[in-house]
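Student: I would like a close look at a single part of this structure. Please take one strand and go through what surrounds it.

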Amino acid sequence: MSAKTTRKEPKVAAGSNDAARAAAQGAPGTAAEKLEGTTLRPRAPRQSKSGAQSDPGAAKPARRGGQDGRIRAIIDRVIPEVDCGRFAVKRVVGDTMNVEAHVFTDGHDTLAVVLRHRHESESEWRETPMALRYNDEWLASFPLQRLGHYHYSVIAWVDHFLSWRNEFKRRVDPADIAIAARVGEKLVRHAAERADGDDAKKLGEWARKLGSAKDTEEIKRLVLDDSLAEIARRYPDRSLAAEYDKGLRVFVDRERARFSSWYEFFPRSTGKDGKHGTLRDAAARLDYVKGLGFDVVYLPPIHPIGKVKRKGRNNALEAAPGDYGSPWAIGSDEGGHKAIHPELGGIEDFRALVARAKELEIDVALDIAFQTAPDHPYVKEHPSWFNWRPDGTVQYAENPPKKYQDIYPFNFESDDWTGLWDELKSVFDYWIDEGVRVFRVDNPHTKPFPFWQWAIGEIQRQNPDVIFLAEAFTRPKIMHRLAKLGYTQSYTYFAWRNTKRELIEYFNELAHGPGAEYFRPNVWPNTPDILTEHLQHGGRPAFVSRLLLAGTLAASYGIYGPAYELSERVPREHGSEEYLHSEKYEIRSWNLEREDSLRYLIARVNQIRRENPALQNDRTLTFVGTDNDQLIAYLKVTPDLSNALLIVVNLDPHHRQTGWVEVDLDALALAHDAPYQVHDLLTDACFHWRGRRNYVDLGPGMGHVFAVGRHMRDERDTDNFA
């Protein structure tokens, strides 16, 4: 990676949907570069060494190989960046953006390096000097105080003034010192020309004294005057500065983007006595959700359900009278993606639900599924948006051998693709206007990536607080691409990671791999589509252990309930991950007061999550050793060590497991020979431990969430000890 000093600014009208759409397609002559974050402000006129700006009409410096060979600072790498700056890294409001740059030059001259940054709404750059750590690695940071994009870059130059002072400190020969004073006179005089006001006067006087000084000691005193040197440093000669050749961005979300607890339920199953529930019933269910400690409630599609080719119970091809169909088969003569199923209520009922959720500090997340039922209004109004078969019928969704006759996918290669894009984005806009700020998007990997880059980019420019969760259980590179394009959070493979080795490898990748800069995992042990074999065969202990793992390994997690807290685990048939009597096709009545419900454990886990900052960030994770492969142990520790948790979970849902946990005392800043206390936040039990190896004994699927104490008091802590 090299540095360059000039850059073209693309000319794109602000708010131009056509330009932005074309940019997402990567078309030439569009806003593609701007959307990808590769631009910085136009370069100011270059200063001469005397500080005067060069004449734009004057002959340009000779260039070889497309660059000015006098620029000697090399900006080799800037961290963090995603795909060489093509995509933004992600942070949340209140974070500090730490930036590392690898910068060096030839010879022994001294470099000056600055971190340049600005919010997208600002026209002026702010600059922060970077400090040299070691091995040509420079560090600086800036606060992230607002939602939206921040731009940042690095600028470096050989600073002849700093080089002069550093060399002077090593000089001993009086003749050398006298000559150095004359060199310094010139450098300081040029700095004075770049300065103004009192600074210019002070520097001018300093230069005059350097030029007239004769006595060696007087010269030393003048040169080593730190107060005058600090003034000169404010006016460096940056005429030969190098700028990192990739414009970098960080997108700043609200806190819930990083730390959130999701609960999914079907509004139509909230009615009494098996009747179809309404949005008013769903609003009443929110108090139960709040009691469980969740802060995001996710609703499957609430739109009219197609009547043509409707699926029956347990995904039967033919619906029986009274079957309700799948909420993901969206649209009928009653409306489409901007309508509400009549049996759920109307828009006022939805607004009441959102208002109640806001009172409880819960976000309502809506499912966005860009597909239609055969009788969706789009099919008649926009036939070109669908693929038509030779027999005159629309191609329904297929994933052979599976067939989804009740769902029509969109044809994104339609000649009217721009109209399709605009309409689909307007679905988001409609629900945003109704107060929705979180969306779970169904199967985004089956829609074009350029569409998501454009749609999410446009939405976040107007509403940077909107959160998008990608439901894409697909190949890793595709999941990562969606995250790079703007998805705030992503589903993961957690449901199928069950062994100790699988969990360690996967969560180390999520927490510390290169994707950690942009891929925020949201882990779910179950969904309406996923009832894993581990849950089917592991019984209630498996539900307990998977809850503990989900709630403590990841900063964001979710469950599909009430199926989860009631340990619903009967599959439709052997070898299937589908639930028997799935809510996707029928209404279910749930007894929320069952004695075997996990509701109290869930509430406790969520309370622990809220009260312990170490659990609110994915990067605080470190696995520690155990001598039993059925026991997994890990630390979650804040950088300042003010909050330290040790979690130990029995992965075996059938048998009690015992073993020794190897605590990383250095990571906790604990003495190797001193006692310390661990407090189990689940049971309130306290244990006194000493040293690295300590014994645990856990029943099937059980776990400890230990708060690690910093110190055990002894007689020396009493007031009378002397």
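Tutor: What follows is a walk around one strand, β13, and its neighbours. The model is a predicted one. Strand β13 covers residues 296-299.

Start with the side chains. In a regular strand the side chains alternate between the two faces of the sheet. In β13, Val296 and Tyr298 lie on one side, while Val297 and Leu299 lie on the other. These four residues are all buried, which here means under 20% relative accessible area. Both faces of the strand are therefore covered.

Next, the pairing. Strands of a sheet pair through backbone hydrogen bonds, either parallel or antiparallel. Strand β12, residues 260-264, runs parallel to β13, and three bridges join the two. One residue to find in the view is Trp262, whose bridge partner in β13 is Val296. Strand β14, residues 363-368, also pairs with β13 in the parallel sense, here over four bridges. Val296 comes up again in this pairing, standing opposite Asp363 of β14. Val296 thus appears in both pairings, with Trp262 as its bridge partner and with Asp363 opposite.

Last, the connections between these strands. Helix α8, residues 279-292, forms a β-α-β unit with β12 and β13, and this unit is right-handed. From β13 the chain goes on through helix α9, residues 347-359, to reach β14, and this crossover is right-handed too.

To trace this part in the view, follow β12, α8 and β13, then α9 and β14.

Definitions and conventions: Residues numbered from 1 in each chain as written. Predicted model: local features only at pLDDT ≥ 70, side-chain atom pairs only at ≥ 80, totals over all residues. Heavy atoms only, no water. Buried < 20%, exposed > 50% of the residue type's maximum accessible area, 1.4 Å probe, protein only. Pairing = 2+ DSSP bridges. Right-handed = clockwise from strand over helix to strand, strands pointing away.
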